[in-house]
Amino acid sequence: MPARITGLTTRLITVPLLRSWGAEAPENHVIVTELTTDDGGTGHGFSWTPTIGPQAVKALLDYDIAPFILGLEANPEIVWDQLWKRLHEAGGGGLTTIAMAGVDLALWDVKARQAGTSVTGLLGQRQESVEVYGSGVNLHYTLDQLVEQARRWVAAGHNAVKIKVGKPELREDAERVAAVRQVIGPDRLLMIDANQRWDLAHTFRALEVLGEYGLEWLEEPIRADDLWAYRRLRKQSPVPIALGENVHTIYRFRDFIEAEAVDIIQPNIVRVGGITPFRRIVELARSNSIRVAPHLLPELSGQLALTLAEAVSVEDVEDASFEQLGILDGPSPVRIRNSRLTSSGRPGLGFEFSGQPAPLPAPDSSVPDSKGNRIEYSNS
């Protein structure tokens, strides 16, 4: 008889970021899940949101998801499809899929643990290691702070980096992109992310100015809802267009791919609902020869990247991993050395979350706090 789900519990961890992501996002929220099965299995997962809705996600898990999944077969693909239909009245993606990730990850965790392997091993590891690119939520940094961050990325051995753009004046963006390009040199890849701050007309103007710096991609310049605008943009853009962190379902990814509106998709494993839908989205991209670059959460996306047929790069935002934030009760499930990520081989997903965040170590240089004030850090 297949194992059945017997329980689901949750707890919310809110942790301040080592390097504030600005006034809108000085902290991250992790909703830790623990799922039990009638054969004695226990799986650990999580949902995640940097800003909006952690209490809403937890409420969905506690009041709408936990009662519904009791007694279901502990098969992540079966549970995911049934749960998505159940929750669709509240929305096909967004808070609903973020909450669903907490269940899906826990189910994959228990499945791998009971098989005596990691999730990477369970799915089949195809890559010995994957490239990691340096990333930062740094639009609020001064130019000097941005340059110092770029220098840290170079010192860390990154072959590719990504910075934020979207200053009130385009000349400011140009100055910052030019400064980073000078620091990293001509051979490293440089990506820029506008975080949906522009309209179509401004995007075309920005490409005329910023395109000369040899950009690997331009990420989400326009609202991710605006398929029409992205279709027009990609037809005329000299720079590849990337999006996906704000796309939550395979149907919406299919819309962008079939409309020929995107070059690189960037699904966030938690926001799309977990490992189950992420793998389906990757196969959709692969069948259409579209590049994949998973969004954030390298300790999770890195493990999945190791299982993909095509090599992908994994995003690592400076000093923002779960291990660096002090919320893991044990070592990280991945290792990052010389800009390459490998698996530690820990059972399941390898996440064991602590009860409370540990005291945060201080980074080496000054960054603005959530109000934009300059704070000096040292390791002394």
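How do the residues of the lining of the largest pocket divide into nonpolar, polar and charged? The legends below start there and then move on to the sheet, the cavities and a salt bridge. Keep in mind that this is a predicted model.

**Figure 1. A close-up of the largest pocket and its lining.** About 1000 Å³ of space lies in here. The lining of this pocket splits into 15 nonpolar, 15 polar and 13 charged residues, which answers the opening question. There are 43 lining residues, and the ones closest to the pocket centre are P50, T51, N195, E245 and R271. If you'd rather look by element, the ones that give two or more residues to this lining are β3, α3 (95–114), β5 (160–164) and β11 (313–317).

**Figure 2. A three-stranded open sheet, β1-β2-β3.** The strands sit in just that order, with antiparallel pairing. At the edges you'll find β1 (5–16) and β3 (42–49), each pairing on one side only. Going from one strand to its neighbour, the turn is 20° on average, direction ignored.

**Figure 3. Zooming in on the β1 and β2 pairing.** Strand β2 covers residues 27–37 and runs antiparallel to β1, with 11 bridges joining the two. To get your bearings, pick out I5: its bridge partner in β2 is T37.

**Figure 4. Helix α1 lying across the strands.** This helix takes in residues 54–69 and lies across β1, β2 and β3. Against β1, α1 runs at about 175°.

**Figure 5. The largest cavity, one of two of 30 Å³ or more.** Rolling a probe the size of a water molecule over the atoms shows where empty space is left. In the largest cavity, that space comes to about 120 Å³. Its lining counts 14 residues, and N28, L297, P298, A320 and S321 are the closest to the centre. Both α11 (298–305) and β11 supply at least two lining residues; β11 gives the most, with three. By class, the lining of this cavity has nine nonpolar, two polar and three charged residues.

**Figure 6. The second largest cavity, with about 40 Å³ of space.** Around this one you'll see R19, S20, W21, G136, V137, N138, Y141, Q149, V317 and E318. Sorted by class, the lining of the second largest cavity has four nonpolar, four polar and two charged residues.

**Figure 7. The D81 and R280 salt bridge.** The structure holds 18 salt bridges, and this view picks out one of them. Between D81 and R280, the closest N and O atoms are 2.9 Å apart. Why look at this pair? D81 belongs to helix α2 (residues 76–87) while R280 belongs to helix α10 (residues 275–287), so the salt bridge ties together parts that lie 199 residues apart in sequence.

How values were computed
Residues numbered from 1 in each chain as written. Predicted model: local features only at pLDDT ≥ 70, side-chain atom pairs only at ≥ 80, totals over all residues. Heavy atoms only, no water. Pairing = 2+ DSSP bridges. Helix = DSSP H or I, 4+ residues; strand = E, 2+ residues; numbered from the N terminus. Axes fitted to C-alpha atoms, helices over the stretch in contact; angles between N-to-C directions. Contact = heavy atoms within 4.5 Å. 1 Å grid on protein atoms, 1.4 Å probe; cavity = no way out; pocket = protein on both sides within 12 Å on 5 of 7 lines; lining within 4 Å. Points joined across faces, edges and corners; volume = space filled by probe spheres on them. Nonpolar A, V, L, I, M, F, W, Y, C, P; charged D, E, K, R; others polar. Salt bridge = Lys/Arg side-chain N within 4 Å of Asp/Glu carboxyl O.
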